[in-house]
Amino acid sequence: MADMEVDELNISYLPMQPLPTVHVPASYDEHRERHTPLCIDNGSTHLRFGFCTSESPRTGLNMVAKYKERRTNKPLLLFGEGIDIEGGARSQAKTPWEGDVLLNFDALENALDYAFIHLGIDTPTVDHPILMTERLASPLHSRALTSELMFEQYSVPSLAFCVDSVMSFYHNNLPSPPVPFHGDGLVVSFNTASTSVIPILDGKGLMSHAKRINWGAMQATEYLLKLIQLKYPTFPSRVSPTTCNWMLQNYCEFSPDYTALLRKLKDPLNLRASERIIQFPYTLPVTEEKTEEELARIAERKKEQGRKLQELAAKSRMEKLVQKENDLAHMLSLRERREEESKREWADTLKEEGFANDAALEGAIKKLENDLKKARKKEANEEDVEEGPPSYPLVDVPDEELDEEGLKEKKKQKLMKAGYDARERAKREKEREREERVAEEKREEEERDRDLSGWASKLRKEQEAIMNRIKERNRRKAALTDRKSAASQARMKSIANLAADDRVPKKRRKAGGEDTFGADDADWAIYRKINAAAVSSDEEDDLATLQALEQKLLAHDPSFTQEDTHASLTSQRSALMSAFRPQYDEGDVQGKARIHLNVERWRACEAWFSPSMAGVDSAGLGEVLQSVLARFPDADKGRLVKNVFLTGGPSQFPGLVDRLHATLRPILPPEMPLEIVKAADPMLDAWRGMADFAKTDEFKSVGVTKAEYEEWGGERIKRWWGGNWNSSVPM
């Protein structure tokens with residue numbers, strides 16, 4: 001790891017996917033024709049069902065998938081854990097719930113079929129009174145279709161709806177029978193897609209005073225996933241919502257004072273101490289190790305291939321050399337025929353051979369002679385001997401003494417001589433620069449030998465000055481992106497001055513007045529000034545000079561390391577950023593597959609109290625609690641806050657009790673007692689409370705019978721202390 005070593009004890013690994021449990025249907029003999037009440041906790045995540053005489057319910061993930069098995073091509077209906085057995089079934093799975101609203105009634109019917117089959121019910125109808133949960137202030141459409149499904153499809157004798165959190169409160173504050181229920185308290189229910197607050201006085205849920213916010217465990221999981229994706233945009237593994245929910249349940253917690261926590265975590269050491277590291281699966285790259293014999297064979301094979309290539313190249317060169325010698329012999333024999341043929345015949349001969357005139361033939365012969373001379377030297381492994389300067393005999397011959405062909409050749413030789421002279425001047429200039437560079441290096445070496453610390457100090461000052469210039473340019477570029485900055489306004493003023501240039505009056509321009517822009521080299525700097533994106537030549541020169549200085553310091557100054565270079569200094573991350581997201585080396589596959597949770601551990605939970613930080617326009621839990629309590633006089637308020645009851649899966653997160661205490665204590669009178677308790681089993685206490693209530697005589701009076709359903713319709717229910725009040729009929 002690049003930043004610091006990781007404590008191996010702080011690394012957690014993703015849990016293995018458990019094998020699905022095979023549930024055996026229960027025997028129905030015990031409940032046949034006995035009308036034992038049946039309790040169904042229809043949760044967004046889990047479906048819990050069972051007869052009220054059972055100690056605990058049967059549980060399954062509330063998810064259904066219709067899937068066609070590939071090998072037998074048979075349609076399958078999978079429920080709960082069984083969905084994970086088939087790889088393609090997960091993508092087709094759906095739940096009865098859309099967020100916090102019951103909408104998918106096909107999935108609900110399949111889930112109820114699963115429940116009744118596993119309870120062993122083998123009769124054509126479900127001849128048992130049903131007690132079923134629904135959300136706080138459930139939409140009438142959802143209730144009507146649920147009632148229709150129960151009465152029309154399953155022919156249940158009666159159906160009662162209750163609010164799960166009130167039933168959990170009932171189970172944890174259960175009086176000894178036959179004493180009626182008269183408990184007081186403020187129920188805070190943490191659900192999958194919402195959080196609700198319900199006041200209870202004298203054993204009755206005051207639903208008209210209840211409040212709900214659209215933030216639950218599902219939204220917190222999505223928020224944590226977005227934070228991780230933002231922190232690790234190129235993470236090599238897929239972080240699924242299921243994995244994120246596991247991280248939320250095991251590593252996230254509430255902070256009593258989130259602002260104070262952030263101030264504490266500004267210290268990189270505290271941030272490091274608070275992190276939890278999640279190791280995702282990774283695959284190490286396969287490196288094939290070869291034995292010494294294999295390496296020797298490979299080296300010998302490469303050497304043999306090189307030898308063959310050299311032989312082929314030598315053969316090709318020899319063939320080309322023979323071809324050139326034959327071409328030269330042919331051209332020389334052709335030149336000898338010039339004296340034997342007439343001028344017209346010679347012109348026709350040259351044309352047939354592909355030459356325009358004598359000069360072209362002479363040039364081709366000269367080129368072939370030079371090529372053959374170089375090739376023979378190379379074949380004989382002779383050292384290159386510097387050739388003398390080329391001769392241009394026609395340059396000094398007067399034009400009067402030359403014919404038309406001679407004048408053309410003279411012009412050509414003049415151009416060749418000018419090019420040769422220019423190359424010679426460039427060579428002399430390069431030689432002079434080389435000599436000056438050697439002299440400068442010699443002087444610098446003498447200075448370095450005489451005073452190394454002084455020489456290094458001088459170069460470091462030059463490096464610092466160049467880096468300051470580069471930093472100032474970057475600062476100005478950044479300022480130009482802000483249109484209100486002084487640099488941006490000065491740029492706009494320069495553009496305006498260029499557009500309204502009045503250095504040459506209109507009359508003078510019409511009369512041919514001269515525009516003097518560009519006469520001074522400084523005039524052109526205005527374009528660099530107004531073009532923020534262009535890289536100036538000064539910047540390129542500074543970077544080249546800086547690189548040369550740093551190479552010298554790295555070579556000769558022991559105290560100057562790679563970390564002192566400009567590239568290293570500009571790429572250095574702050575200690576806080578390094579603690580927030582540690583960097584791993586490029587080849588560290590294991591480190592690249594790690595997620596470091598630090599601030600996110602508290603931020604995901606803080607959204608319950610500040611949903612706006614996650615982009616949700618809603619009041620936080622603290623504001624909702626204050627709003628609910630403000631409706632009661634101090635006497636009733638004291639009864640409520642003496643038993644603040646927490647239920648639901650997220651109520652198990654560490655720090656929640658302390659956070660609620662810190663939220664409620666300042667808004668209550670100092671002498672008013674405040675007690676916050678958690679459900680004994682937040683996951684199952686709602687069903688157990690339903691089972692407790694279904695055993696009482698009061699349960700028989702709160703359900704809607706088949707006759708009342710046919711008279712009222714599916715939306716109407718009876719109003720009682722544990723159910724919703726919307727569209728209810730007083731008992």
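Student: Buried means under 20% relative accessible area, exposed means over 50%, and partly exposed is in between. Which of these is E424?

Tutor: Keep in mind that this is a predicted model. E424 has a relative accessible area of 22%, so E424 is partly exposed.

Student: What does the side chain of E424 meet in a salt bridge?

Tutor: The partner is K427, with 3.8 Å from N to O. K427 is exposed, at 54% relative accessibility.

Student: Where do E424 and K427 sit, and how many residues apart are they?

Tutor: Both are in helix 11 (residues 404-450), three residues apart, which puts about one helical turn between them. In general, an α-helix has 3.6 residues a turn, so residues three or four places apart point the same way.

Student: OK, helix 12. Which residue forms a salt bridge with E472?

Tutor: R475 does, and the closest N and O atoms of the pair are 2.5 Å apart. E472 and R475 are also three residues apart, in helix 12, so about one helical turn separates them. Both ends are partly exposed: E472 has 41% relative accessibility, and R475 has 48%.

Student: And R469, what does its side chain meet in a salt bridge?

Tutor: That's D542, at 3.1 Å from N to O. This pair links distant parts of the chain, with R469 in helix 12 (residues 452-480) and D542 in helix 16 (residues 537-556), 73 residues apart.

Student: Is D542 buried or exposed?

Tutor: D542 is buried, with a relative accessible area of 9%. R469 is partly exposed, at 38%.

Student: How many salt bridges does the count come to?

Tutor: The count is 34. There is also a network of salt bridges that links D100, R135, D164 and R212.

Student: Switching to cysteines. How many disulfides does the structure hold?

Tutor: Zero.

Student: Why is there no bond from C39 to the closest cysteine sulfur?

Tutor: The closest cysteine sulfur is in C52, 5.5 Å from the sulfur of C39, and that is too far for a bond. The cut-off for a disulfide is 2.5 Å between the sulfur atoms. C605 misses out too, because its closest cysteine sulfur, in C252, is 5.1 Å from its own. C39 is buried, with 0% relative accessibility, and C605 is buried, also with 0%.

Student: Now the interior. How many residues are in the largest nonpolar core?

Tutor: It has 52, and L224, M247, I595 and V644 have the most contacts inside it. Helix 4 (residues 217-231) gives the largest share, six residues.

Student: Where does this core lie?

Tutor: Between domain 1 (38-215 + 682-730) and domain 2 (217-232 + 239-284 + 598-678), because both give residues to this core.

Student: What does L224 touch?

Tutor: Leaving out residues up to four places away in sequence, L224 touches C244, M247, L248, C252, L597, E600 and A604. Apart from this core lies another, of 32 residues, including F49, V64, A111 and V704.

Student: Last one, helix 21. Which of its residues are buried?

Tutor: In helix 21 (residues 621-629), they are L621, G622, V624, L625, V628 and L629. Down the helix axis, these buried residues fall within an arc of 160 degrees, so they line one face of helix 21.

Student: What do the buried residues of helix 21 pack against?

Tutor: They pack against strand 12 (185-190), strand 13 (195-201) and strand 15 (211-213), along with helix 22 (634-641) and helix 23 (656-664).

Technical notes:
Residues numbered from 1 in each chain as written. Predicted model: local features only at pLDDT ≥ 70, side-chain atom pairs only at ≥ 80, totals over all residues. Heavy atoms only, no water. Core = buried A, V, L, I, M, F, W, Y, C linked by side-chain atoms within 4.5 Å. Buried < 20%, exposed > 50% of the residue type's maximum accessible area, 1.4 Å probe, protein only. Helix = DSSP H or I, 4+ residues; strand = E, 2+ residues; numbered from the N terminus. Domains from an automatic or database assignment. Contact = heavy atoms within 4.5 Å. Arc of directions from axis to C-beta. Salt bridge = Lys/Arg side-chain N within 4 Å of Asp/Glu carboxyl O.
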